[in-house]
Amino acid sequence: MSKAKYIFVTGGVTSSLGKGIISASLGKLLQARGFRVTIQKFDPYINIDPGTLNPYEHGECYVTDDGAETDLDLGHYERFLDIKTSQDNNVTTGRIYNNVITKERRGDFLGKTVQVVPHITDEIKNNFYKLGETGDYDIVITEIGGCVGDIESLPFIEAVRQARFELGINNFVSIHLTLIPYLKAAGEQKTKPTQHSVKQLLEAGIQPDILVCRTEHTLTSEIRKKLALFCNVASNCVIEAQDAETIYDVPLLMRKEKLDERVLTKLKLSHKKEPQIDQWKEFLGRLKNPTDEVRIALVGKYVQLKDAYKSIAEAFVHAGAHNECRVELSWINSEELDGDNVVRLLKDKHGILVAPGFGERGWEGKLQAVKYAREDKIPFFGICLGLQCAVIEFARNVLNIPKANSTEMDPKTKAPVIDMMEAQKKVTKMGGTMRLGAYACELKKGSKAYSVYGHSKIMERHRHRYEFNNKYLEQFEEAGFLATGINPDTKLVEIMELKDHPWFVGSQFHPELKSTVMNPHPLFVRFVKAALAFKKDTYK
């Protein structure tokens, strides 16, 4: 059995209470005390991974260095802990069943009847323990998606129950995140939903060690005592999680509530050493006390659900704090953007970002945003499809190739300046088959990209099937749209920038996926800086 200790985080009453933020905040506090920590997410849906899900279904698809398409909570884990996650940090019901069925077809079960217990639960537990068995971590935090009582979650909850006995009480902590609603008409907080949620956990054989209670109001001592009495937990293990000004406040709020101390006590680990969180506090100081402000337009087709662009939004938070500047994002629906309203919607912005995505919906609106940024010298940043939009707009309006297009949008285009990668043309399955994960890129000295990174070799994460068509490269560069970042192995274009423009940069990769609190991504930092410079020049 692994020497690592395990923390399991479950949720009740309702979804979207913030299990991922609580897990990441606890992980940050434990890490700040010197423990080696990782966090994993177990999702109860049957998809193998979220790679084929519409962002409106489940928010953004977060991609790791090893090419795993994962839940957006892994983004929180990486941003808070400044660590890399992997395929092993996100497991779904689909993966579990797929693994078990593959073993059954191979004959691994020697003729046994394959059942939820023990075969499915054993597979879940194997994945619980996988990271802990590497020897790289002292503590593994496991977040169980969904709510206790959901049909989909039952095998995971049963596996957690079994894990408690296998690991022993000094190696296992159960944290239950729940809701304490406030009834305005009655003028009081209500504990009954939490009592029922804990009762469901108890029926499944799990006694929570710690309750984390989401609330809009301070928990009174009477409420804490009542929860402790009816939920069988110590009163000092009833933790208040009041709504915060920013998610980055939560580690400090959890420290104030002594969540990390309660966990370490349960795990028989020392908590004499105070967490080293001075840098985190400095970040919060810059975040909350900006000396300037810029307005950035985020142009995309999923803007009605901001979680679809979660990593981009958080990368702006990091970059803004680094520049001691508040970044006000204007979420512009590209489907509603056209030649008639583009000036009205974008004229007061200090920077324009065209977001990644797939498919032709909202495509022409993105091209209008690119054109406006290029012609009016507004700082521009294009990510993945955003770069491809910039390429097509430039081909149509500068190179005079009116039919220029991407074969994603028009498979029969006669001017495919964006084309499907050769390696993708024989792919028939959608899931997990794109160019995924970290790939190398070499930057050209003297370019904006080189000045941003400060060195010529970088590794960035990708998620795409289409690429810049190198047949047109010479034509583009002669007109001043330069390929300044190239993959050394495939010669694929990774970064392009416009020569005679204060800041017009597009990347085929997703820089937002590597931005963290302690290490803001340099492309976002420089883009915000360019927006600040544009603002100052505009108001001279």
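Let's start at tyrosine 97, which sits in helix H4. This is a predicted model, and the tour below goes from a nonpolar surface patch to a pair of parallel strands and then to serine 334, in the loop that follows strand S13.

**The nonpolar patch**
- Tyrosine 97 has a relative accessible area of 31%, so it counts as partly exposed.
- On the surface, Tyr97 joins Ile101, Val116 and Val117 in a nonpolar patch.
- Together these four residues offer about 320 Å² of accessible area.
- Two helices, H4 (93–106) and H5 (116–130), each contribute at least two residues to the patch.

**Strands S12 and S13**
- Strand S12 (residues 292–300) runs parallel to S13, and nine bridges join the two.
- To get from S12 to S13, the chain passes through helix H12 (residues 310–322), making a right-handed β-α-β crossover.
- If you would like one pairing to look up in the structure, try arginine 295, whose bridge partner in S13 is glutamate 328.

**Serine 334**
- Follow the chain out of strand S13 (325–333) and you reach serine 334, in the loop that leads to helix H13 (342–346).
- Serine 334 is buried, because its relative accessibility is 1% and the cut-off for buried is under 20%.
- Setting aside neighbours within four places in sequence, serine 334 touches Val299, Gly300 and Lys301.
- Its other contacts of this kind are Gly362, Gly365 and Lys366.

Notes:
Residues numbered from 1 in each chain as written. Predicted model: local features only at pLDDT ≥ 70, side-chain atom pairs only at ≥ 80, totals over all residues. Heavy atoms only, no water. Helix = DSSP H or I, 4+ residues; strand = E, 2+ residues; numbered from the N terminus. Buried < 20%, exposed > 50% of the residue type's maximum accessible area, 1.4 Å probe, protein only. Contact = heavy atoms within 4.5 Å. Pairing = 2+ DSSP bridges. Right-handed = clockwise from strand over helix to strand, strands pointing away. Patch = residues over 30% accessible without salt bridge, like charges linked within 9 Å, V, L, I, M, F, W, Y side chains within 5 Å. Areas by Shrake-Rupley, 256 points an atom, 1.4 Å probe, with all protein chains shown as cover. Salt bridge = Lys/Arg side-chain N within 4 Å of Asp/Glu carboxyl O.
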